[in-house]
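User: I would like the reasoning behind the labels, not just the labels. Let us go one call at a time.

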Amino acid sequence: MDSQNIFILGIESSCDDTAASVIHNGKILSNVIASQKIHEEYGGVVPELASRAHQQNIVPVVHQALKKAGVTKEELSAVAFTRGPGLMGSLLVGTSFAKSLAYGLNIPLIDVNHMQGHILAHFIEEEDFKKPPFPFLAMTISGGHTQIVKVNHYFDMEVIGETIDDAVGEAFDKSGKILGLGYPAGPEIDKRAKLGNPKAFKFTKPKVDGLNFSFSGLKTGILYFVQRETKANPNFIKENLNDICASIQYTIIGILVDKLKKASKETGIKHIAIGGGVSANSGIRQALKDGEQKFGWTTYVPKFEYTTDNAAMIAIVGYLKYLEGHFTKQDIMASARLKI
């Protein structure tokens, strides 16, 4: 293999974003994402609509990624795609397209675990971004997942803590729905939290053994709190929205940091990396930076565009697998509940 000239096309279609990226020897040349706005009016992702939109978007998105990278499809060394986890209909579109393209070009096909993608996004060659040394702890926080993973090597990972119900992204979105905010609510809560008092209202943190998480109880507590206060004052939300958002965000961040502290203490690992869409939250990023002073951590936060669902993270995993000769066969199937 010519290790000096490896071009990998990465394809991501696990949820509601169709994405394609071209990577050359670990450096991203293009990272194109087509978002689906239609889900906003439903307050959440509608799987059937998502898969239909992927079918419409995947060809132009891949074409644009190749064009931006200045690479022809004949120059590609391999095609990497998200096998899972995710919405089955969405995964099938990306899987089918990737298999067909690799077969037509007679080049290797590489399947990628979406969750590994979030973690290994830290290894994209990017100026001013340091890479975590092995072993490190990765906290992946998104709309569908909340996990703490002990990462011993690129493909030697152990989930040591995860949510037993709602993911942290769902906690933000469901809280936002209670407050009458749009979807997704996370960015709006983050924006308003900067203007509010994080200690204005106290919400109970769920008690969960070990390193696992739970957010459903918090959501219920917020619902009852809002119902009680609006019964006494119909304008309560409007008059206190920034403080409510700040208090919700403060509580969620506290839950995440408490578990990270426990994981770091139990493993003796002080290198902490985060990934996933919710890692774009400014409060969470600041809490991690504060942890460097408080707990002696070294923290790693990927470039903003590599935090949400994107194909660059699929491409870097594809590149690392290519170097090790980890290819897959054409009979590979998508897996909605694929584990690390």
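User: Where does N25 sit?

Analyst: N25 is in the loop between β2 and β3. Helices and strands here are DSSP runs, numbered from the N terminus: H or I over at least four residues for a helix, E over at least two for a strand. The model is predicted, so local features need pLDDT of at least 70 and side-chain atom pairs need 80 or more, while totals for chains, interfaces and linings use all residues. Residues are numbered from 1 along each chain as its sequence is written, and side-chain values use heavy atoms, without hydrogens or water.

User: Why does N25 count as partly exposed?

Analyst: Its relative accessibility is 22%. Buried means under 20%, exposed means over 50%, and partly exposed lies in between (1.4 Å probe, protein chains only). N25 therefore falls in the middle class.

User: What is notable about phi of N25?

Analyst: Phi is near 50°, a positive value in a residue other than glycine. N25 is in the turn of the β2-β3 hairpin, which has two residues between its strands.

User: How do you know that β2 and β3 pair?

Analyst: Pairing requires at least two DSSP bridges between two strands. β2 and β3 (residues 27-35) have eight, in the antiparallel sense, so they pass. Among the partners, A20 stands opposite V32, and A19 is bridged to I33.

User: What makes β1 and β2 a pair as well?

Analyst: β1 (residues 7-12) and β2 share six antiparallel bridges. G10 has S21 as its bridge partner in β2. These two strands also form a hairpin, with four residues between them.

User: Why is β2 called mostly covered?

Analyst: β2 spans residues 17-24, and seven of its eight residues are buried.

User: What makes N106 exposed?

Analyst: The relative accessible area of N106 is 72%, so it clears the 50% cut-off. N106 lies in the loop between α2 and β5 (109-113). Its phi is near 55°, again positive in a residue other than glycine.

User: How do you know that S264 is buried?

Analyst: S264 has a relative accessible area of 6%, so it is below the 20% limit. Its place is in helix α7 (residues 236-267).

User: What does S264 touch?

Analyst: Setting aside residues up to four places away in sequence, S264 touches L137, I269, K270 and W297. Contact means heavy atoms within 4.5 Å. The C-alpha atoms of S264 and F295 are 9.2 Å apart, with 31 residues of separation in sequence.

User: What makes the S264 link to I269 a polar contact?

Analyst: The S264 side chain reaches the backbone oxygen of I269 at 2.7 Å. The limit is 3.5 Å between N or O atoms; within protein, one must be able to donate a hydrogen and the other to accept it, and sequence neighbours count only if both atoms are side-chain atoms. The pair is therefore inside the limit.

User: How do you know that the length of α8 agrees with its residue count?

Analyst: The expected span is 1.5 Å times one less than the number of residues. For the 14 residues of α8 (residues 282-295), that gives 20 Å; the end C-alpha atoms are 19 Å apart, which agrees.

User: Which residues of α8 are buried, and what covers them?

Analyst: G283, I284, A287, L288 and G291 are the buried ones. The cover includes β6, α5 (186-193), α7, β9 (271-275) and β10 (298-300). An α-helix has 3.6 residues a turn, so residues three or four places apart point the same way.

User: What is found at the start of α8, and just after it?

Analyst: At the start, a side-chain oxygen of N281 comes within 2.8 Å of the backbone nitrogen of G283. Just after α8, G296 has a positive phi of about 75°.

User: Which peptide bonds into P85 and P135 are cis?

Analyst: G84 to P85 is cis, with omega about -5°. F134 to P135 is cis too, with omega near -10°. P85 is in the loop between β4 (78-84) and α2 (88-105). P135 is in the loop between α3 (114-120) and β6 (136-141).

User: How many helices and strands does the chain have, and why call it as compact as a globular protein of its length?

Analyst: The chain has nine helices and ten strands. Its radius of gyration is 20 Å, close to the 20 Å from the globule rule for 340 residues, so the description holds. The radius is taken over C-alpha atoms, and the rule is 2.2 Å times the number of residues to the power 0.38. Buried residues make up 51% of the 340.
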